[in-house]
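Q: I'm new to reading protein models with a ligand in them. Could you walk me through this one?

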Amino acid sequence: MTAIAMMEPPEPKAAAAPPMRLRRPVVLVGLMGAGKTSVGKRLAGLLGANFTDSDHEIVEAAGMSIPEIFATLGEAAFRDGERRVIARLLTERAGVLATGGGAFIEPRTRAEIKARATSIWLRADLDLLWDRVRDRPGRPLLQTPNPRETLADLLDRRYPVYAEADVTVDSRRGASQEAMARAIVAAVRAHDLAHPDAPPTLEPAP
Ligand code: S3P
């Protein structure tokens, strides 16, 4: 590093955004590995809101793991349980809800989310998703001879549907969960301001 570079002043810090709280549920959608659960927890912390993960709720209700539900009851039963769990969670309280990757793809579940919540698509590219899911078992849809290709196929089929979410936020390699959560708050705030006739998702915290 040259002396001149060393003498350069530090980057000015961005002005801190005012604290916000939720008025309407926020639902995170996107493919496996997008970070819905980890970023969702951080987002809930930032907003002082409850966090729920629909997969976790389904597992609790069924008393079985997701691979067990798929193997013994089948995917259709899983989707039905997923829809009922999400509908219940969205009527119970405003909070942050992370959903399994297929939830928003189901038309009835998507309609439920659109009616009651603000949906956020955590978009990520295939390489990033694959890096995050490749060594993690427990995802029945990826138990195929070529799981990377299966993920690529899901991406092709599902991305046009996720694009129907109210807000899209890109999940970038190396971005911290905190940075992602803050990017979501900023994007939701911008969405609220752009839709003044719709019920706002966020309001300033007292
Ligand atoms: C699924 C994604 C999983 C889980 C189930 C089906 C999907 O959740 O709901 O294995 O259809 O994409 P994550 O997205 O949290 O991995």
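Q: What lies 2.8 Å from an oxygen atom of the ligand?
A: Look for polar contacts, meaning pairs of N or O atoms within 3.5 Å. In this predicted model, a polar side-chain atom of D55 is 2.8 Å from a ligand oxygen atom. R139 also has a polar side-chain atom 2.8 Å from an oxygen atom of the ligand. With G102 it's a polar backbone atom, 3.3 Å from a ligand oxygen.

Q: How much of the ligand does the protein bury?
A: Accessible area comes from the Shrake-Rupley method with a 1.4 Å probe. Alone, the ligand exposes 390 Å², and the protein buries 93% of that.

Q: Which residues around the ligand come nearest?
A: Count a residue as near if one of its heavy atoms lies within 4 Å. There are 13 around the ligand, and K36, D55, R79, R139 and R158 come nearest.

Q: How far should I trust the model?
A: Check pLDDT, the predictor's confidence in each residue, from 0 to 100. The chain's mean is 92, and 92% of its residues reach 70 or more. Over residues 1-13, though, pLDDT is below 50. Where pLDDT is low, don't read the predicted coordinates in detail.

Q: Any small print?
A: Residues are numbered from 1 along each chain as its sequence is written, and side-chain values use heavy atoms, leaving out hydrogens and water. Local features need pLDDT of at least 70 and side-chain atom pairs 80 or more, while totals for chains, interfaces and linings use all residues.

Methods
Polar contact = N/O pair within 3.5 Å; in protein donor to acceptor, adjacent residues only side chain to side chain. Contact = heavy atoms within 4.5 Å.
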